[in-house]
Amino acid sequence: MNYWLMKSEPDVFSIDDLKAAPRRTTAWDGVRNYQARNFMRDGMKRGDQVFFYHSNCDVPGIYGIGRISAEAYPDETAFQRGHDHYDPKSRRDAPTWYVVDVTFVRKFARAVSLETLKQHHADLPEMLILRRGNRLSVTPISEHEWQFINALT
DNA sequence: GCCAACGTTGGC
DNA sequence: GCCAACGTTGGC
């Protein structure tokens, strides 16, 4: 099993929205970065666990956990003319962009804020989210990082 | 709202 | 292939 971190702006889609979604599951659409897509399409397997990160908000950080409930399939929003995420270069016979399904597992009693993660930088030296200027919305998480951060909650 | 960092685009 | 211009991300 692998571990991941996925960012979402809570004003757009929060962990509470995931919990409230039908079957507590959503298609993680709108990823339009090749590196992030490759992690989703080539790396994510059913059962992988995911830190749900809130970005662009008052207290950025990890708010809970989800799991991958369906492996990659084409992102329908890329085919929809007029959609915010429409991309004419993605075609049904040769999709450029993919989604995975993410299912709610639990919300942390207390979020692990970015500030807290930074305070533990020495214990999380490889963590991509702590790298200066890193904007990737999907990043791998090591077993050590997964255990360490869970122990903070 | 600001702005640094980054990815993409397109002219050459 | 280079690189300036541009758009986006996301912390602050």
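1. **The largest pocket and its strands.** In this predicted model, two strands each give at least two residues to the lining of the largest pocket: β1, residues 3–8, and β2, residues 25–27. The volume of this pocket comes to about 640 Å³. Its lining is made up of 20 residues, and the ones closest to the pocket centre are Lys 7, Ser 8, Trp 28, Asp 29 and Gly 30. If you like to sort a lining by chemistry, this one has 9 polar, 6 nonpolar and 5 charged residues.

2. **Ser 8, a good place to look next.** Ser 8 is among the residues closest to the centre of the largest pocket, and strand β1 is where you will find it. Is Ser 8 buried or exposed? With a relative accessible area of 11%, Ser 8 is buried; the cut-off for that class is under 20%. The side chain of Ser 8 also has a polar partner: one of its polar atoms lies 2.5 Å from the backbone oxygen of Phe 13.

3. **DNA strand B.** Four names are worth highlighting in your viewer here, since the residues around DNA strand B are Tyr 34, Arg 132, Gly 133 and Arg 135. Of the atoms of DNA strand B that come within 4 Å of the protein, 71% belong to sugar and phosphate. There is a base contact to note as well: an N or O atom in the side chain of Arg 135 is 2.6 Å from a base oxygen of DNA strand B. By class, the protein surface near this strand has 2 charged residues, 1 polar and 1 nonpolar.

4. **DNA strand C.** Which residues surround DNA strand C? They are Lys 7, Tyr 53, Ser 55, Asn 56, Pro 60, Leu 114, Lys 118 and Arg 135. Sugar or phosphate accounts for 68% of the atoms of DNA strand C within 4 Å of the protein, and bases supply the rest. The nearby surface divides into 3 nonpolar, 2 polar and 3 charged residues. Arg 135 appears in this list and also among the residues around DNA strand B.

5. **Phosphate contacts on DNA strand C.** Three contacts can be picked out, and it helps to view them together. The side chain of Lys 118 places an N or O atom 2.4 Å from a phosphate oxygen of DNA strand C. For the side chain of Lys 7, the corresponding distance to a phosphate oxygen is 2.8 Å. Asn 56 makes its contact through the backbone, with an N or O atom 3.0 Å from a phosphate oxygen of the strand. Lys 7 also belongs to the residues closest to the centre of the largest pocket, which links this point to the opening one.

6. **Leu 114.** Leu 114 is one of the residues around DNA strand C, and its place is in helix α3, residues 114–119. Its relative accessible area is 17%, and it counts as buried. That area is computed on protein chains only, so the DNA plays no part in the value. Tyr 53, another residue around DNA strand C, is 61 residues away from Leu 114 along the chain, yet their C-alpha atoms are separated by 9.3 Å.

7. **A salt bridge between distant parts of the chain.** How many salt bridges does a search of the whole structure find? The search finds 7. One of them joins the side chains of Lys 107 and Asp 16, at 3.0 Å from N to O. Lys 107 sits in strand β5 (residues 98–113) and Asp 16 in helix α1 (residues 15–20), so this pair ties together parts that are 91 residues apart in sequence. Both partners are partly exposed, Lys 107 at 39% relative accessibility and Asp 16 at 40%. As a further landmark, the C-alpha atoms of Lys 107 and Thr 25 are separated by 14 Å, with their positions 82 residues apart along the chain.

8. **Two more salt bridges.** Asp 42 pairs with Arg 41, and their closest N and O atoms are 2.9 Å apart. Asp 42 is partly exposed at 46%, and Arg 41 is partly exposed at 32%. In the other pair, the side chains of Asp 93 and Arg 91 meet at 3.1 Å, N to O. Here the two partners fall into separate classes: Asp 93 is exposed, with a relative accessible area of 61%, whereas Arg 91 is partly exposed at 45%.

How values were computed:
Residues are numbered from 1 along each chain as its sequence is written. Chains are lettered from A and ligands numbered from 1 in the order in which they are written. This is a predicted model: local features need pLDDT of at least 70, side-chain atom pairs count only at pLDDT 80 or more; totals for chains, interfaces and linings use all residues. Side-chain values use heavy atoms; hydrogens and water are left out. On a 1 Å grid over the protein atoms alone, a cavity is a set of points where a 1.4 Å probe fits but cannot get out, and a pocket is an open set with protein on both sides within 12 Å along at least five of seven lines; lining residues have an atom within 4 Å of a point. Grid points are joined across faces, edges and corners, and a volume is the space filled by probe spheres set on the points. Helices (H or I, at least four residues) and strands (E, at least two) are DSSP runs, numbered from the N terminus. Ala, Val, Leu, Ile, Met, Phe, Trp, Tyr, Cys and Pro count as nonpolar, Asp, Glu, Lys and Arg as charged, and the others, Gly among them, as polar. A residue is near a molecule or strand if one of its heavy atoms lies within 4 Å of it. A polar contact is a pair of N or O atoms within 3.5 Å; within protein, one must be able to donate a hydrogen and the other to accept it, and residues adjacent in sequence count only if both atoms are side-chain atoms. A salt bridge is a side-chain nitrogen of Lys or Arg within 4 Å of a carboxyl oxygen of Asp or Glu. Buried means under 20% relative accessible area, exposed over 50%, partly exposed in between (1.4 Å probe, protein chains only).
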